[in-house]
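Please keep the structure open in a viewer while reading. The stops below are ordered so that each selection leads to the next.

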Amino acid sequence: MELNLTTITFVGGGNMARSLISGLIKQGLSRQNIQVIEPNSERALSLRTDFSIKTVSQASKEIFQVNLIVFAIKPQIFKTVCNDLASLLSHSPAIILSIAAGIKTQQIRQWLELSRSASLRIVRSMPNTPALIGLGATGLYSSDDLSVTQKLSIEAIFNAVGISIWVNSEDDLDTVTALSGSGPAYFFRMCELLIDAGTDLGLNSEQAYQLVVQTALGAAQLAKS
């Protein structure tokens, strides 16, 4: 399963799915290899208009005959969606890739009612919001046996919108969530405090904003060097 040969069905076409689709197309994956299940007609139209990919409003067995199924849905609806799709997924050859925070592998197996299926392979991922602008950091974990090629293909999906790392245990994903998943919010808050300090000392808000954001960008680049 090399990236250029990968066929992907996204369950959900929200912001993170859009980001991944955009990154994949930029990395050379054929638009014909990407399809999205998106019941929201406006969102589906936007996906077709922006990326020229196939969208459907309802799932079918055929749409799951792919290499990879990406569950790009909110954690609070994950169980319901899995229960609805379980029978359609029972004969799919795909690897299941979840980007939902906090949903454990065993929960996904149980909700898909496929716990006895030896062929079911699940990968959990924890991307963060900078993936929306191609600068994401993603943690990856799977308890299932994946080939080197399969792992590289999954890495390539997230490397198309930033960087990715594999962690050794599912509990490590909780650390990833706290570090890079929640991390941007802490940096935003620090920037807000620095901007407030600048305006308190006499700068106008635009001056303080420009200085703080450029300082944050420069500091990040220095940290990488």
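Is Met16 buried or exposed? Select Met16 in this predicted model: the residue belongs to helix H1. Met16 has a relative accessible area of 18%, under the 20% cut-off, and therefore counts as buried.

**Around Met16 and Ser19**

Display the neighbours of Met16 next. Not counting residues up to four places away in sequence, Met16 touches Ile99, Pro127, Asn128, Ala131 and Leu132. Draw a distance from Met16 to Asn128: the pair is separated by 112 residues in sequence, yet the C-alpha atoms are 9.0 Å apart.

Remain on helix H1 and select Ser19. Ser19 is buried, at a relative accessible area of 8%. With neighbours within four places in sequence left aside, Ser19 is in contact with Ala131, Leu132 and Val161. Ala131 and Leu132 were also on the list for Met16.

**The whole chain**

Zoom out to the full trace. The chain holds 8 helices and 8 strands, and along its principal axes the C-alpha trace spans about 65 × 40 × 30 Å. Of the 225 residues, 43% are buried. Among contacts between residues at least 6 apart in sequence, 67% join residues at least 24 apart.

**The nonpolar cores**

Which residues touch the most other members of the largest nonpolar core? Select Phe10 and Ile21, which hold that position among its 30 residues. Two or more residues of this core come from each of strand E1 (8-11), helix H1 (15-26), strand E2 (34-37), helix H2 (41-51), strand E4 (68-71), strand E5 (95-98) and helix H5. The greatest contribution is that of H1, with 6 residues.

Now show the contacts of Phe10. Beyond its neighbours within four places in sequence, Phe10 is in contact with ten positions that can be coloured by group: Ala17, Leu20, Ile21 and Leu24; Ile34, Gln35, Val36 and Ile37; and Val70 and Ala72. Apart from this core lies another, of 22 residues, including Phe78, Cys82, Leu89 and Leu120.

**A positive phi at Ser52**

Move to Ser52, in the loop between H2 and strand E3 (54-56). Most residues other than glycine have a negative phi. Ser52 is not a glycine, but its phi is positive, at about 55 degrees. Ser52 is partly exposed, with a relative accessible area of 48%.

**The loop before helix H5**

Select Ser143, in the loop that runs between strand E7 (136-141) and helix H5 (148-159). Ser143 has a relative accessible area of 44%, which places this residue in the partly exposed class. Which residues does Ser143 contact, leaving aside neighbours within four places in sequence? They are Thr105, Arg109 and Ile122. A distance drawn between Ser143 and Thr105 reads 8.2 Å from C-alpha to C-alpha, for two residues 38 apart in sequence.

Continue into helix H5 and pick Gln150. Gln150 is buried, its relative accessible area being 14%. A polar atom of the Gln150 side chain lies 2.9 Å from the backbone nitrogen of Ser147.

**The largest pocket**

Rolling a probe the size of a water molecule over the atoms shows where empty space is left. Turn on a pocket display: the largest pocket contains about 1300 Å³ of space. Of the 36 residues in its lining, Pro130, Leu135, Pro184, Phe187 and Ala220 are the closest to the centre. At least two lining residues are supplied by each of E7, strand E8 (162-166), helix H6 (170-181), helix H7 (183-200) and H8. H8 gives the most to this lining, with 10 residues.

**Helix H8 and its cap**

Finish on helix H8, residues 205-224. How far apart are the end C-alpha atoms of H8? They are 29 Å apart, which agrees with the 28 Å that 20 residues should span at 1.5 Å a residue. The expected figure is 28 Å because the span is counted over one less than the number of residues.

At the N-terminal end of H8, select Asn204, which acts as the cap. A side-chain oxygen of Asn204 lies 3.1 Å from the backbone nitrogen of Glu206.

Key
Residues are numbered from 1 along each chain as its sequence is written. This is a predicted model: local features need pLDDT of at least 70, side-chain atom pairs count only at pLDDT 80 or more; totals for chains, interfaces and linings use all residues. Side-chain values use heavy atoms; hydrogens and water are left out. Helices (H or I, at least four residues) and strands (E, at least two) are DSSP runs, numbered from the N terminus. Buried means under 20% relative accessible area, exposed over 50%, partly exposed in between (1.4 Å probe, protein chains only). Contact means heavy atoms within 4.5 Å. A polar contact is a pair of N or O atoms within 3.5 Å; within protein, one must be able to donate a hydrogen and the other to accept it, and residues adjacent in sequence count only if both atoms are side-chain atoms. A nonpolar core is a set of buried Ala, Val, Leu, Ile, Met, Phe, Trp, Tyr and Cys residues joined through side-chain atoms within 4.5 Å. On a 1 Å grid over the protein atoms alone, a cavity is a set of points where a 1.4 Å probe fits but cannot get out, and a pocket is an open set with protein on both sides within 12 Å along at least five of seven lines; lining residues have an atom within 4 Å of a point. Grid points are joined across faces, edges and corners, and a volume is the space filled by probe spheres set on the points.
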